[in-house]
Amino acid sequence: MGQPEVSEDCIRMYFKVKGPVTQFLGRAHLCRAQLCAPKSTENMEEFENCVTQYMKAINFAKGEPRYYFLVYNASVLYWRMARPFLKPGYHHHLIPSLSQIVSVLNETEEEDKGWRAELMLELLECYLQAGKHEEAAKFCATAAPFIKANAPQKYRQIFALMVTEGLFYPQVGVSCCLLLTRCCFVSVSRILLLFELAHLSLILKCGEIASDCLSDLKKMDSKVGGQGLGGRPGLPWLALWCALAPSLTHGPLSFVQTQLNIVRRLDTVLQRAVRLGDPRVIHVVCATQWDTCLPLLQHDLRHHLRKSLTAIAEVLEKVDSLMVLFRCQVHMEMAYIEEDEGRLEAAMAHLKKAMLLDTLGLHQDKLKMAFNRLQLCATLYQVPERAEDKATLAIEQAKKAMPEDGVRKKRALLVNAGLALAPDTFQIVLDSENEARVSTGKKRGRFTHLYAKARHHSLSVDEAAGHVRRLRGRNDKERVQIWAEMATVARKQGVWDVCRTASRFCLVYDVGKVQRQARLKRGRPRDGAGQDSSGQSDATLQRQASPSLLRKFAEVGFINAEATVHLLRSEGVQLNDRPTPPNDLSQHPVGYTPESPEDNAEWITYRTWIEGLSQHAMNSWLRSADIGQKLQEAWIVQNAVVYVLNHNQHLLTAGRQRELVDALYHLLGTVKAVGHSGDLVLLAMLCSTPGARPDRRLDPAPPLEKSRRQARAHPLHTPLEPEAASEVRTAVEVCEFALSLTSGTVPEEAVPVSARQQLVATWVKAKQLLQQQIGPRLGTDEQSTNEDVNSVTRVLVALEMYSCNGLGLMDFTVPPLAQVLVKMASECSWSDPLVEVQTLTRLAHFTYVARDHEATVACSQKAIQIGMKHLQTFENSFAELVAEVLSAAACIQGRSIVDDLKGRKQLRLTAAEAFTESARFGGLAGSSALVMLAARHFWNTWLPLLPSAVSRKKCKSATRRVINIINETEARKQVDEHDGCMGGRGQ
């Protein structure tokens, strides 16, 4: 009747008088338990008091069979009270009382077996959530047989828990198989099994199997009158169908539009689930909708999801869902969407709800900072008092700057934020790059200004560590987030000096980076580098950073390294390159002997500073990769690999991979530790880079020189030095690891043949350096079950063996060309036409060297046919590369025909046509060298025929065509050079 005060007075009076021991005593305890039920999960004292009252009622009732109904009633009321505690972080509070209730229900042999099975399942879940796996396994040994015998419809749930958690009791496998076999003949069980199979297939990206399962589900659901799932409409499979059906169509829609169509479909399904009123179905649909929305939760796309996420949040709140972490994430994303659209009050309301739902405290720091930031933005006319609040407000103002606002205005706002956080040192560190602050003194030398700049920068940046040390850990987590946000905003707006300064202040808090830098300094000291200082307080060094904080350090590390590369380029130096001494423009007397820069202390200091900047950038990327390994987050490691490879591309192109060996092997070890996460192309690039040689273009020049080298007797190749041999063996192991991983045994792990081609080239060269022959199988010991991959790999290995022979090193025992290799290449299934054309052209080259003219013409002709077929489908850069290869193929074909004339003059015309095609392809590639080479062969081929008037007439039109190609290529080259010069002036 809604009058708890009256009930409380009655219960108090009842217990004052010592009445008879009847069922009313148990009822009184139940009433008192309901009156003192906890109002929230935070009040554990009320919870303990309430549980005590329930246990008094149960202990009283279990002694008399006529009072057993009170045990059942108490268990039902207890469970209603305990439901809010079934959220993460609270399950362990229920274990003592719930285990007693389950035990008493077993003692009293409660007739409602389904209720007992339900409580057993919940107790097992509590054990697992509390991390008590031994107790869970022991309890499962008795609970599973009971549920199987008395509540078979719930056995599927406990079996799923046993499989996922490894809680098997004896003979569970046999009994499960028998149960599932029997279920196959029950319509509802068949629907459940098909639903689970469809769900699993969707997770494993087996679209055809999932589609077949859902089609069968639809047919079965119609046969049972739309009541497929135990009397409920088949909404779960309908939700899966909505998520799968668009992916089975091959229309022109983009991925974003496809995902939005799925979201709209699931909105309709969620409305049907709400009308049905089944919480389990609602949770299935909400989870499916959330998974569909995840790829769209980006800054420029998430506004499309406002309606869908609002529906999820409202529905889950209405059913009082215990998926509190899920609800917390939904409210966090809703807060971001509302903030993007300027609704700050609504965003703060969502953040409040998220903070209440974050029972494990996983996002509390982030949520509190976001809420505080929105509060600052909402109070327009109130000046913050805290330094952190002032900095946050200034950063928010900088973020809202209009695109037409100049960099000076944005920089001023960001500088104000930095001065609020570090008024004593921020300006000092910021001015480390200000040349107006550099003092050269009275000395005026060639390198004096560079020396003063390097020394000024090194001394200034060290002040950041001193500032952090003086704070003694005050608000360190909040300050890390603010410095990181400041670095991100400065990077986005192109304010590079502020970006570098904010990144440096932020990364001073990173204990791992400081320790790594200290180890580097101990192992390899550098004078004047001064890029990182380890002068942090002991408390900071000993602090264990949270995963979110480490993730933030990794992100800022990427920004810091990129900003450092920008500083190096402003000094006219590429990453990991040495600076070039400036020209000496001063006047000197006659007989003056210039001093070598390498003997000048000032130049050495400047050069060491530049090298220190490069090492600072590399250390930032490697530290971010280490953080990714520690957090087991592959995306961080992959980003670090991409940054290192991209920014060191000039070294790789120049064949200076050896300078990066240590860093690349470190990254490879990190990738192995966290897994490649499906990006095997990146892994193949990383494995092939340390031992890769400079790119070798196909040499269309006459092979006489090479044939002479092959005929010449080579001296015995001396073994490698122990250190070099160890490095080469490591390269072999790395390549074999990558080749075995990318062999195509698992279809999802197949990589383009072009990626394997570089791995094969590196592996073969390393085997030659180690003087190790390659067996007749022409591959590594780990052979793939995919025969197509095996055959392509064997052809590539054989080609590299031919390429490595005759270079003064150990010669490989190679298979016959025409009988084996050409036949193997023609039978291969090539997935990449570019690699196929390259392979056939190289085969034509080697068969030409071997004087097998028939095989040469066949390989070159096939290469030209395939290349011309796909030439129009390639992008410009790839089209030029294909044109180069086709020019070489046509040139080889023409030379082979000329060498095999045997007096047949008609073939000379065929050879001239081949050289004309070679010149045409060279013109398409924009290569004057290839065009002129083809033109020389063309003229030499026609020369013996020129005494004939008929031949001269035929030669005239062909020669004009070649001359036009030469003129067009030269004109195109001049235009490209002019555009490049104009672009350079614009920069």
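**Ring contacts in a predicted model**

Me: Phe447 first: buried or exposed?
Reply: Phe447 is buried, with a relative accessibility of 3%. Bear in mind that the model is predicted.

Me: And how buried or exposed is Trp603?
Reply: Trp603 has a relative accessible area of 1%, so that one is buried too.

Me: Which residues make up the cluster with those two?
Reply: Tyr606 and Trp609 join Phe447 and Trp603, linked by ring pairs.

Me: Zooming out, how many aromatic pairs are there in the whole structure?
Reply: The search turns up 18 aromatic pairs. One of them is Tyr72 with Trp115, which is edge-to-face because the planes are at 65 degrees, over the 60 cut-off, with ring centres 6.4 Å apart.

Me: Where do Tyr72 and Trp115 sit?
Reply: Tyr72 is in helix 4 (residues 68-82) and Trp115 in helix 6 (residues 113-129), so the pair ties together parts 43 residues apart in sequence.

Me: Buried or exposed, those two?
Reply: Tyr72 is partly exposed at 24% relative accessible area, while Trp115 counts as buried at 15%.

Me: Back to Phe447 and Trp603: what's the geometry of that pair?
Reply: Tilted, with 45 degrees between the planes and 5.2 Å centre to centre. Phe447 is in the loop between helix 21 (426-430) and helix 22 (448-461), and Trp603 is in helix 29 (residues 601-631), so the pair links distant parts of the chain, 156 residues apart.

Me: New topic: which charged end sits over the ring of Phe921?
Reply: That of Arg920, 4.7 Å from the ring centre. Lys672 likewise lies over the face of Phe737, 4.5 Å from the centre of that ring.

How values were computed: Residues numbered from 1 in each chain as written. Predicted model: local features only at pLDDT ≥ 70, side-chain atom pairs only at ≥ 80, totals over all residues. Heavy atoms only, no water. Phe/Tyr/Trp six-rings, centres within 6.5 Å; stacked < 30°, edge-to-face > 60°. Helix = DSSP H or I, 4+ residues; strand = E, 2+ residues; numbered from the N terminus. Buried < 20%, exposed > 50% of the residue type's maximum accessible area, 1.4 Å probe, protein only. Lys NZ or Arg CZ within 6 Å of the ring centre and 35° of its normal.
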